[in-house]
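User: I'd like to learn how to read a few features in a model like this one. Could you walk me through it?

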Amino acid sequence: MKYFPIFLSVQNRRILVSGGGAAAIAKLRLLLKTEARITVFATRPAPEISAWADTGRLILAQRGLARADLKDAALLYAADEDAAQDARIAAMGAEAGVPTNIVDNLDGSSFLTPAIVDRDPVTIAIGTEGAAPVLARSIKAGLEERLPQTLGILARAAKAFRPLAERLAPGRVRRAFWAEYYDYSGPKALNATGEAALPDALNALLSRHMSAPTPVGRVDLVGAGPGDPDLLTLKARKALDAADVVIHDRLVTPEILELARREATIIEAGKTGFGPAMQQDDINALMIEHARVGAHVVRLKSGDPAVFGRLDEELDALTAAGIDWQIVPGITAASAAVAQIGQSFTKRQRNSSVRLLTGHDVAGFAEHDWRALARAGEVAAIYMGKRSARFVQGRLLMHGADPATPVTVVENASRPDSRLRAVTLADLPASLDGVDGPAVLLLGLAPRAAQPATATAHPKELAL
Ligand code: SAH
């Protein structure tokens, strides 16, 4: 190790930057995150730097750095982007004993600035001793993705709670408490009610761990998206990484199940609109049974669990059984479908609302506000609409819909075997022959390419 990483205390200390251009700005963006007093020396500062000075975020000296400025400085950055000038500044720093960095010049610098992942007070510094800045950036990108933005807030609340947590036995028991806080209880409380809820969440968790230090099961109701694993949320991926038991719908693709932890028990709940189905009560019982013995259960539903996912029935059952749960939203099939045809659900001057409909519900074909839906320009996504297509068509035409209204059938949205059919309301039922994957019917939308050019370049719209 040629360089030894440390975290330097800079609160209220002076950091000096010589230079007023792009290199200085890049460093200042980092330095402004600290509680240091920053002074910039630049005869011709960039507007950003002047603006920071105007708002009191730094002190701007519109002159060159002088020896006397270096007294008591914690750090010095030579960022004039001029080799000779940078070397002069660095020599002054060395003479005054102030650690000095020349931007983008490793050999002339006495310290280097690492790549930083900032979840203040959690800070991760990545350095490669100048060997591989690209690698440092990719490590940083990986960590940025993995560490939730809220980690810092969680850590701040945890710091204040540490004395109380010492009531738990050190070692395994205390580790289990903190693990559950960071992985679950903390993010959940933060999500529901914000930072102010964290002390209560910590207290509740502590009393539970004091009385029952064994793991307590829980259920995450997770949206798996429309099928493409790349459309999973990071939260969904993390839940799959951690799950002991995954109970999934038939529509969840094998590629997504592949991502579950190797040791996880995978159970297909096999619920479909018309096919053989595990009863809802059986699914509820299954989740409860596993959570009761301490398992982390992921109830994996296609798309978004809150869209035609019978979510409420499952939540009611879990709540009645006293089991903790949280919902992880997903990308619903209609969002994937509309993206696939290059369209937007809402559009100025066309429609300011969009409906998600089901073709049938428990009582049979589902009734809707057909008159409103029949109006020109309306857009709706019809789920589970294959069998009810004739019924939907009949109702819409009866309420005055134009038979030429575009309808796009998107089968297997987001999957490699996806198929599109651009039709009109007049030939909707017939055009569904041979559709055997899950399909969304986009009422009022044609694929963008199939639209006449004038429709998208309407002068009125351009003027908006
Ligand atoms: N919760 C899911 C919907 C479940 S209901 C969601 O948010 O997407 C099941 C219906 O969803 C299917 O009948 C079909 O209409 C639709 N669906 C699910 N996945 C789909 C996909 N990949 N492509 C098209 N439609 C899909």
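**A lysine and a sheet**

Analyst: Sure, and keep in mind that this is a predicted model. Let's begin with lysine 27, which sits in helix α1 (residues 22-31).

User: Is lysine 27 buried or exposed, and how far away is the nearest side chain of opposite charge?

Analyst: For a salt bridge, look for a Lys or Arg side-chain nitrogen within 4 Å of a carboxyl oxygen of Asp or Glu. Lysine 27 is buried but has no salt bridge, as the nearest oppositely charged side chain, aspartate 104, is 5.9 Å away.

User: Which residues is lysine 27 in contact with, leaving aside neighbours within four places in sequence?

Analyst: Those are Tyr77, Asn101, Val103 and Thr113.

User: Now the sheet. In what order do the five strands come?

Analyst: The order is β10-β9-β11-β8-β12, in an open sheet with parallel pairing. β10 (265-268) and β12 (324-328) each have a single partner strand, so one side of each has no neighbour in the sheet. From one strand to the next, the twist averages 20 degrees.

User: How many bridges join β8 to β12?

Analyst: Five, with β8 covering residues 218-223 and running parallel to β12. Along that pair, aspartate 220 is opposite glutamine 326 in β12.

User: Which strands does helix α6 touch, and which does α8 lie across?

Analyst: Helix α6 (residues 172-193) packs on the sheet and touches β8 and β12, its direction making about 70 degrees with that of β12. Helix α8 (residues 234-242) lies across β8, β9 (245-248), β11 (296-301) and β12, and runs at about 135 degrees to β11.

Technical notes
Residues numbered from 1 in each chain as written. Predicted model: local features only at pLDDT ≥ 70, side-chain atom pairs only at ≥ 80, totals over all residues. Heavy atoms only, no water. Pairing = 2+ DSSP bridges. Helix = DSSP H or I, 4+ residues; strand = E, 2+ residues; numbered from the N terminus. Axes fitted to C-alpha atoms, helices over the stretch in contact; angles between N-to-C directions. Contact = heavy atoms within 4.5 Å. Buried < 20%, exposed > 50% of the residue type's maximum accessible area, 1.4 Å probe, protein only. Lys, Arg positive; Asp, Glu negative; His and termini not counted.
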